[in-house]
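Subject: Structure handover and notes

Hi,

Here is the structure I promised to pass on to you. Please open it alongside this email, and my notes follow directly below.

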Amino acid sequence: MVAASVWSLLIPSIEMTGKPGLPGILPAAAGFMAGILFLLFLDSVIPHQHPESDQSEGPKGSHLSRTSKLALAVTLHNLPEGMAVGVALAGALEGNSYLPMAGAVALAVGIAIQNLPEGAIVSMPFRNAGNSRTRSFVIGTLSGIVEPIGAVLTIVLASVVVPVLPYLLAFAAGAMIYVVVEELIPETQQGEHSNMGTIGFALGFLLMMALDVLLG
């Protein structure tokens, strides 16, 4: 997701401005920070629980179970991922030279790969709480339903999206980076073998970098 954010979102955002120097990076910088702040705002106002948290209590006044908060957290953070794919596909469908279809596909593949363990993060606690395998699997699957919804809505609104594409690409990148730093990296550092998480991050980054550069 980090590599995809850089090569498929931030770099095209900067290149699309067509301006040298500081004016060329301002849209990307503004959109990136807006994405970070948007996810930070959602984290602060919507009761949820981070996947790595072992606490059983949520925010004061919240009556959601730990597993429900976990599902809400993952669902919440899937929205910008779907939007990122939608933005990239919208640009590619409009024939934007900075956003080739291969690059959009590489971005979608990268997000799909990380969705596999993300769905398991949701399903396993529900199974441990006494739910059936089928129910746990369905809940884990449904936690990702916002991704295609977000992608389709973004593509449908392409006529509105394309004129502000540099900002939206960077916004999606900021939101995805927030998810990585806030949720995924801390999760990889839990337990005795945190070094494997670091190695996995490096290998995943190299893989997505290669896909984005070779296919884009």
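Ser13 sits in helix α1, which covers residues 2-17; helices here are DSSP runs of H or I with at least four residues, strands are runs of E with at least two, and both are numbered from the N terminus. Ser13 has a relative accessible area of 0%, so it counts as buried. On that scale, buried means under 20% relative accessible area, exposed means over 50%, and partly exposed lies in between, with a 1.4 Å probe and protein chains only. A polar atom of the Ser13 side chain is 2.6 Å from the backbone oxygen of Pro166. That pair is a polar contact (N or O atoms within 3.5 Å; within protein, one able to donate a hydrogen and the other to accept it, with residues adjacent in sequence counted only if both atoms are side-chain atoms). Setting aside residues up to four places away in sequence, Ser13 touches Ala28, Pro166, Leu169 and Ala170, where contact means heavy atoms within 4.5 Å.

Before going further, a word on the basis of all this. This is a predicted model, in which local features need pLDDT of at least 70 and side-chain atom pairs count only at pLDDT 80 or more, while totals for chains, interfaces and linings use all residues. Residues are numbered from 1 along each chain as its sequence is written, and side-chain values use heavy atoms, with hydrogens and water left out.

Staying with helix α1, Thr17 is also placed there. The Thr17 side chain reaches the backbone oxygen of Ile14 at 2.7 Å, and a polar atom of that side chain lies 3.1 Å from the backbone oxygen of Gly24. Beyond its neighbours within four places in sequence, Thr17 is in contact with Gly24, Pro27 and Pro166.

Two other residues of helix α1 are Ser8 and Ile11. Ser8 counts as buried because its relative accessibility is 7%, while Ile11, with a relative accessible area of 31%, is partly exposed. Ser8 and Ala173 are 165 residues apart in sequence, with 8.8 Å from C-alpha to C-alpha. For Ile11 and Leu169, the separation is 158 residues in sequence and 9.2 Å in space, again C-alpha to C-alpha.

Next, the interior. The largest nonpolar core has 27 residues, and those with the most contacts inside it are Leu9, Ala84, Leu107, Leu169 and Met176. Such a core is a set of buried Ala, Val, Leu, Ile, Met, Phe, Trp, Tyr and Cys residues joined through side-chain atoms within 4.5 Å. Two or more residues each come from α1, α3 (66-93), α4 and α8 (165-188), and α8 gives the most, with ten residues.

On the outside, Leu93, Met101, Val105, Val109, Ile113 and Leu207 form a nonpolar surface patch, with about 510 Å² of accessible area together. Patches are made of residues with over 30% relative accessible area and no salt bridge, joining like charges within 9 Å and nonpolar side chains (Val, Leu, Ile, Met, Phe, Trp, Tyr) within 5 Å. A salt bridge, in turn, is a side-chain nitrogen of Lys or Arg within 4 Å of a carboxyl oxygen of Asp or Glu. The areas come from the Shrake-Rupley method with a 1.4 Å probe, and for residues only the protein chains shown count as cover. Helix α4 (residues 101-128) gives the most to this patch, with four residues. Val105 is found in helix α4, and its relative accessibility of 40% is why it counts as partly exposed.

Towards the C-terminal helices, Thr188 belongs to helix α8 and Thr198 to helix α9 (residues 194-215). Both are partly exposed, Thr188 with a relative accessible area of 33% and Thr198 with 46%. Their C-alpha atoms are 7.4 Å apart, with the two positions ten residues apart in sequence numbering. Not counting residues up to four places away, Thr188 touches Ser194 and Gly197.

Finally, the overall figures. The protein has nine helices and zero strands. Of its 216 residues, 43% count as buried. Among contacts between residues at least 6 apart in sequence, 75% join residues at least 24 apart. The accessible surface comes to about 11200 Å², and 71% of it belongs to carbon and sulfur atoms.

Best wishes
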